[in-house]
Amino acid sequence: MVRRPDPRERQPALHRLAALYGVQTTYYDVYGRLQRASVESLLAVLRALGAPLQDLRDVPEALRARWEAYWRAGCEPVAVAWDGRLRGVALRLPAADSPPLACRLALEDGKTLTWSVSPGQLHAEGSAQVEGRRYALLRLRLPGRLPPGYHRLVVRAGRRRWETMLISAPRQAYLPAPEDPAARTWGVFLPLYALRTRRSWGTGDFTDLEALLEWVGDLGGGVVATLPFLAAFLDEPCEPSPYVPASRLFWNELYVDPSRSPDLSRCPQAQALLESGALRRELARLRSAPLVDYRAAIRAKRPVLEALARSVFQEPSARRDALLAFLAARPRLEDYARFRAVGERLRRPWPTWPLRLREGEVREGEYDEDARRYHIYAQWLAHEQISTLAERARRNGPGLYLDLPLGVHPDGYDSWREREAFAPGVSGGAPPDAFFTKGQDWGFPPLHPQRLRAERYRYFTAVIRHHLEHAGVLRLDHIMALHRLFWVPRGMEARQGVYVTYPAEELYAILSLESHRHRAVIVGEDLGTVPPQVRRAMHRHGVQRMYVVQYEARADAGRPLGTVTEDFLAGLNTHDMPPFAAFWQGLDIRDRQALGLTDAAAAKQERRERPRLREAITSFLRAGGWLEGRRAGPAGVLRGLLAYLAAGPARMVVLGLEDLWLEPRPQNVPGTGPERPNWRRKARYRFEEFRRMRQVTSVLRLVHRLRQARRDRGGMA
C-alpha cells in the first residue's frame, strides 16, 4: 500500500518551485510583520505562471520540469549591457558536446559581427547534472562595447541554436542638463475630463489642453500634467476610470476636437451636424452639467467623426493618402479598429465571443465597416492633435506630462491580442494596509514576467513608445511593479495574494533607452510603503521620485515636511488624495469615516493629530519666512508651502490647479464606487475664468520667480 504523502513534506519543494518561478513565499507587511503565503495561494499563482500542477502531489514533477527547462534553454532570452558594457552572455551547454560555436551579433543599425569560438575557450563558471546529462555554465564574451539599442545575439553549435536580445542602455534615464531651463521647471495638474471651456463638448479636449499648455508656458511654466487619456469603453460597458483603459496602445477619441479636423471643409455632412440645432442644444446641456456624462458626450461627437471618416476614406485625396500611410506604418491600428468594431456589433466582452473571434481571428464582414473606419480615423486625428500640442509645449520645457497606468481593462484590446503577455486567473492588487485593511483587488490581469522576457518585451516597449512619442515627462503608476506585484488568485480574498517578482533591471534598461531616444524624464510613483531596494534602483537609474506633502508631513516641530532632494517631482497631493483645503481642515477624516473606509477609533486619533500637524507646518513656514502676514489661513499656508517647494531643490514642482482656489472636493476617492462621482467631476471654474483669477495667477507667478531664482543660483547646487 502506497502511503498518502503528508502535505508538510512537500512544502520545501513547493517553496523551491516558487523560487524558480519568482514567487515570494513571505513578505513583510506595512507594520513590519512577516506574512507567509498559504499553500493554496502559491499553487494558484504558480498555475497562473504556467507551472504544470494542480495540487501538492504534482510539485516534484513540476520542479523537475522547470529545472530541466532552465538548462535546456541554453541561455537567457534577454541580457542588459549598461552603458554598452556586458561581462558576457551566460550559456548553459551540454558538457559532452564540444563543437565550435558560431556567433552572430546583429546590431540594431543593421551591422553584423560574426566570430567562432570553441567551448574550451569560454570561461567556465559552473556545472549541473540534470536528468542524467551534465551541463556546463560558460561565459561568452562579446567583441567590444555595444552601441545603444536592441541587438540580437545568435549562437549555433551544430544543429542547436540559441538567441538572446541584448539591451544596451545608458545606466541612467534621460535628464535635462543643469543649464537647461527644464532642469528646474514647474507646471500644473488638472484631469483633461475636468477642464472646462466655453467651447468644450461637455468635457475637455485636445484643443482645450493646448490652450492650457500655452497659458502655462506664457507664465513661465514648462509642464502640464493630466491623467491618462488612453482608449476607453465609453458606452457598453462604460468604464470612466483612466486607470482601466481599453488599451495602453491607443488614445481616447472622446478628447478629439472634430472642429479642428483639416477634413471638415470638405465634408458637408459633418458641417451640417456641427451647425444643427439639436447638437448645439445637446452641447449646451453637456457643458452646463456639473459631472461628465461620458456616454452622452461620445454620442454627440461620434456622428461627426464618422461623417469625417467616410468622407476621407471614400474620396481620393492627399489626406486619404496620408491616412493610409499612417495606417500602413501602424499595423496594430487595423487590428484594434476591427476589435472595437466587432465588440460594438456583438455588444458583449471578448471572452464571450465565438471561439474564432475570441482567439483573435477576425475576418471581413464580421464587423461594420463604418465602425472600423471610424476607429482608424479617430486614432489618426488624435495622433495629429496630440502631436501638435506636444510639439508646441516643448518650446517652454518638457511640455506634456503623461501618466502610464499599471493595468488594462480585462475585456480590452490588449488582453485580447496580447494575451500571452498577461497572466490568467489572477488580478493585480495590494496587501492589507492601514487604509485598506482587507487588501485590494484591482481587477485587471497582471503582466506575465517570464512571457514578457520570452517575447523580448515587445508589448511593454510598444506601450512605452506610444507615450513617449508625445510626452516630455512620463510617470509610471506603482513603480514597485517593476520589481514585484501582488497577485490575487481568482476566487480568493485580496489578503490571500502573493508577491511575484519581475526582471527589474531589464525593464529599467528599456525605460532608460527609450527616455534618451525621446528626451523624456521618467518619474516613478513610489508613495506609501516601498521597499528600500526599489528606491535605490530608482536612484541608480535616474528615475525621479515623488515628494508629496500629504505623505511626508509629520507633527514634528523640527522637520514637519521631511526632506526634499533634487531627484524629486514635488507637489502637495495626487488625484487619489483629498485636495489641500480638505486636508488642511480635516474634511477628509470625516469623509473617510462616513464612507466606512476608517473606523471611529482611527478617525478620532487622526482628528487629534491633525491640529498638531497644522501647527508644526505653520511654525516651520513662519520660521523660514514663507508665510505672509500674521494670520495663517488655508490660502496663506498653501502659498507658503508652494513657495517653499518652488525655492527648494526638487527637479520639478507641479501644482494642482484646483488647490489654488481651495477646492474641497476630490477627483477620486479610492475604495469607493457608484456612491462617489469618481473621474467625473468638472473643475469649478472654466479655463476662461481661472486664468484671470488673481489667487491663481499670483501663486503661479510666485512659483515661477522662485524656480527661476533657483536656476540662477546654480541649478543643481
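**Exercise 1. Work out how strand E5 is joined to strand E6, and in which direction the two strands run relative to each other.**

Solution. In this predicted model, strand E5, which covers residues 101-106, is joined to E6 by six bridges, and the two strands run antiparallel. As a next step, look for a pair of residues that face each other across these strands: leucine 105 stands opposite leucine 113 in E6. Finally, follow the chain from one strand to the other, where E5 and E6 form a hairpin with five residues between them. In the turn of this hairpin, glycine 110 has a positive phi of about 100°.

**Exercise 2. Find how many bridges join E5 to strand E9, and then place both strands in their sheet.**

Solution. Begin with the pairing itself: five bridges join E5 to strand E9 (residues 149-157), and these strands run antiparallel. Within this pairing, cysteine 103 stands opposite valine 155 in E9. Now widen the view to the sheet, which is open and is formed by five strands in the order E3-E10-E9-E5-E6, with mixed pairing. At its edges lie strand E3 (78-82) and strand E6 (112-117), each of which pairs on one side only. From one strand to the next, the twist averages 20°.

**Exercise 3. Decide how helix H19 and helix H20 are oriented relative to each other, parallel or antiparallel.**

Solution. In general, two packed helices are described by the angle between their axes and the distance between the axes. For helix H19 (residues 587-594) and helix H20 (residues 600-623), the axes come within 10 Å and cross at roughly 180°. Angles over 145 degrees count as roughly antiparallel, and therefore H19 and H20 are roughly antiparallel to each other. On the H19 side the contact is made by Asp588, Ile589, Arg592 and Gln593, while H20 contributes Ala600, Ala603, Glu606, Arg607 and Arg610. Sorted by class, this contact of H19 with H20 has three nonpolar, one polar and five charged residues.

**Exercise 4. Describe the second largest pocket by its space, its lining and the helices that supply that lining.**

Solution. First take the space, which is about 670 Å³ in the second largest pocket. Then turn to the 24 residues that line this pocket, of which Arg66, Tyr70, Glu76, Gln450 and Arg453 are the closest to its centre. Next, ask which helices take part: helix H1 (7-20), helix H3 (59-72) and helix H13 (449-454) each supply at least two residues of the lining, and the largest share, six residues, comes from H3. By class, the lining of the second largest pocket has 16 nonpolar, three polar and five charged residues.

Conventions. Residues are numbered from 1 along each chain as its sequence is written. This is a predicted model: local features need pLDDT of at least 70, side-chain atom pairs count only at pLDDT 80 or more; totals for chains, interfaces and linings use all residues. Side-chain values use heavy atoms; hydrogens and water are left out. On a 1 Å grid over the protein atoms alone, a cavity is a set of points where a 1.4 Å probe fits but cannot get out, and a pocket is an open set with protein on both sides within 12 Å along at least five of seven lines; lining residues have an atom within 4 Å of a point. Grid points are joined across faces, edges and corners, and a volume is the space filled by probe spheres set on the points. Helices (H or I, at least four residues) and strands (E, at least two) are DSSP runs, numbered from the N terminus. Ala, Val, Leu, Ile, Met, Phe, Trp, Tyr, Cys and Pro count as nonpolar, Asp, Glu, Lys and Arg as charged, and the others, Gly among them, as polar. Two strands pair if DSSP finds at least two bridges between them. Axes are lines fitted to C-alpha atoms, for helices over the stretch in contact, and angles run from 0 to 180 degrees between N-to-C directions. Angles under 35 degrees count as roughly parallel, over 145 as roughly antiparallel, 65 to 115 as roughly perpendicular and the rest as oblique. Contact means heavy atoms within 4.5 Å.
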